[in-house]
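Welcome to a short walk through a protein model. Have your viewer ready, and select each stop as we reach it.

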Amino acid sequence: MPSDSSRSDRLARCRSGRRGALACLALLALILPRLGLSQAAPPPFVTTDDPRRVRIPANADDQTPAIVLRDGTLIDGTGSPPVANAVVVVRGDRILAAGPSGSVALPSGEYQLLDVSGFYIVPGLIDLHIHLAQQWKADDSQYQDSDAAAALRGARKLAALLDGGITTVRDVGTRNDVAFKLKEAVERRIFEGPRVFWAGKGILATGGHGDELRSGVSEASKGTIHSGGPYARIADGADEWRLAVREQIRQHVDLIKLFAPFSREEVSAAIAEAHAQRFRVTVDAFGQFTTWAIEAGADCIEHTLAMPDAAIAMMAQRDTALVPTLTTYHAGGLPPGGYYHDLHRSFEMTHAGNLRIVRAAHAAGVRIGIGTDMGFAGERHYPASYFTEAGFLRDAGLTDAEVLSGATRVAADILGMADKLGTLEQGKLADVLVVRGNPLADLRNLRNLVLLLADGRVVRDRRAALGVAP
Ligand SMILES: [Zn+2]
């Protein structure tokens, strides 16, 4: 291999810097043809539709017939005023164009026309707090859980979510790799569902939230200390929290989920590790643990659990987002005078108090997204819970437009997906919801699903049932 040895010679000379530019140019002339850079341009790459942004070959599948939604009123999610008689053009999984009918070029060739006159076109909705795998609480003592059982429950929940117009979910704690397999099944079109972003197993300390032993919860279901069970990665000490983050990343998660209680060192190590590898972190915390998580750089806080006033100010200052999940505590019932759910929920909490926290966070400018925390048997109440949450956020002082943003643009931003999701603009992923009635006049109109596109495909069409000719 004479050319290789001569190349390394030249490389050494080039690095030495003594013989200067000539040696380097000669080296480039030798290497470039081998890399193919002087020939035809390489095929374009795009990135995966998740926060990992892994490069993948561009999808050549853009010869599928386009879809044209015509004559609806477009609320594109950017905050621009609604556009009457709008047209939205979709090809493959992308929005080719969206705007007033006169300004949008219709695709050449064949396309599927969907007349949505009289209806409103909004971005697909996002639920930021879901547990696709979680077992119904009443089943705990009756049925032995398994990954297969969890996957079946998850598939059922995904269908219920589509019924509500939800095209994206963030799973913040799953059983083993169940949420990942559900994500893949949707991507591979094994069945229809919202796109799934997942956090792997929650990371928590021994005896932390998710690892409490109480009557009715056996030691066996919790797994072992220093490794955890199917739902939890139990870790103690800063080094183990860092290792636990690395383990979740190794499983191809999209984000990291931490649970209080933890030490300052533990939460700081975990967040620093995740951020060093460009993963976002959301934290289920309460009281001073919330403050520590925000100080350590958490990207998002789940729930309003005993949140100190000072933490709210700190969130605004550091741009930490909030997913309040008011519905889950309201639906679960709040005992008068306090919320003594288990060891780590032993503090005063009322619906009125939770609303006050959200109102303060909103007034301070904290980004607020919608999440329902549909675990246990929550899907029995779906999709109503999503719209209950939207109503509670309104009760806490958000305008209808702000709640809609919390369900779309702001939620996509919290996911780290604002460039691909959350608004109906050229180049965005085609998650499109059509509803009857103006959601900006009355948020409850979001419930009146007429048509739903997920990833560029029609997954729900109720026009015939509504007496509108498809
Ligand atoms: Zn949860």
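The expected span of a helix is 1.5 Å times one less than its number of residues. Keep that rule in mind for the first stop, and remember throughout that you are looking at a predicted model.

**Stop 1: a helix to check with a ruler**

Select residues 384-395, which form helix α11. With twelve residues at 1.5 Å each, the rule gives a span of 16 Å, and the end C-alpha atoms are indeed 16 Å apart, so the two agree. Now show the side chains: Ser385, Tyr386, Phe387, Glu389, Ala390, Phe392 and Leu393 are buried. Just after α11 comes Gly397, where phi is positive, at about 110 degrees.

**Stop 2: a three-strand sheet**

Next, select residues 125-130, strand β8. Is β8 enclosed or open to the outside? Six of its six residues are buried, so the strand is largely enclosed by the rest of the structure.

Add its partner, β9 (residues 166-171): the two strands run parallel and are joined by four bridges. To see one pairing, click Leu125, whose bridge partner in β9 is Ile166. Then bring in β10 (195-198). Four bridges also link β9 and β10, again in the parallel sense, and here Thr168 stands opposite Arg195.

Together these strands make an open sheet in the order β8-β9-β10. Its edge strands are β8 and β10, each pairing on one side only. Neighbouring strands are turned by 20 degrees against each other on average, direction ignored.

Now show residues 178-187: this is helix α4, which packs on the sheet and touches β9 and β10. The direction of α4 makes about 155 degrees with that of β10. Follow the chain into the loop between α4 and β10 to find Arg189. Arg189 is not a glycine, yet its phi is positive, about 60 degrees. It counts as exposed because just 10 other C-beta atoms lie within 10 Å, and the cut-off for exposed is 12 or fewer.

**Stop 3: the nonpolar core**

In soluble globular proteins, nonpolar side chains tend to be buried together. Here, the largest nonpolar core has 130 residues, and those touching the most other members are Leu69, Val88, Ile121, Ile256, Ala270, Ala293 and Val434. Strand β20 (residues 449-454) gives the most to this core, with six residues. The core draws at least three residues from each of domain 2 (66-123 + 428-461) and domain 3 (125-415).

Zoom in on Val88. Which residues does Val88 touch, not counting those up to four places away in sequence? They are Leu69, Leu74, Ile95, Ala98, Ile121, Leu424 and Val432.

**Stop 4: backbone details**

Go to strand β4 (residues 83-91) and pick Asn85. Its phi is near 50 degrees, a positive value in a residue other than glycine. Then move to the loop between β13 (255-259) and α6 (264-276), where Pro261 is found. The peptide bond from Ala260 to Pro261 is cis, with omega near 0 degrees.

**Stop 5: a glycine with faraway sequence partners**

Finish at Gly427, in the loop between α13 (409-415) and β19 (432-435). Select Ala97 too: it is 330 residues away along the chain, but the two C-alpha atoms are separated by 7.8 Å. Gly427 also touches Arg94 and Ile95.

Zoom out to see the whole chain, with its 13 helices and 21 strands. Of its 470 residues, 46% count as buried.

How values were computed:
Residues numbered from 1 in each chain as written. Predicted model: local features only at pLDDT ≥ 70, side-chain atom pairs only at ≥ 80, totals over all residues. Buried ≥ 20, exposed ≤ 12 C-beta atoms within 10 Å, placed from the backbone. Contact = placed C-beta atoms within 7 Å. Pairing = 2+ DSSP bridges. Core = buried A, V, L, I, M, F, W, Y, C linked by C-beta atoms within 7 Å. Domains from an automatic or database assignment. Axes fitted to C-alpha atoms, helices over the stretch in contact; angles between N-to-C directions.
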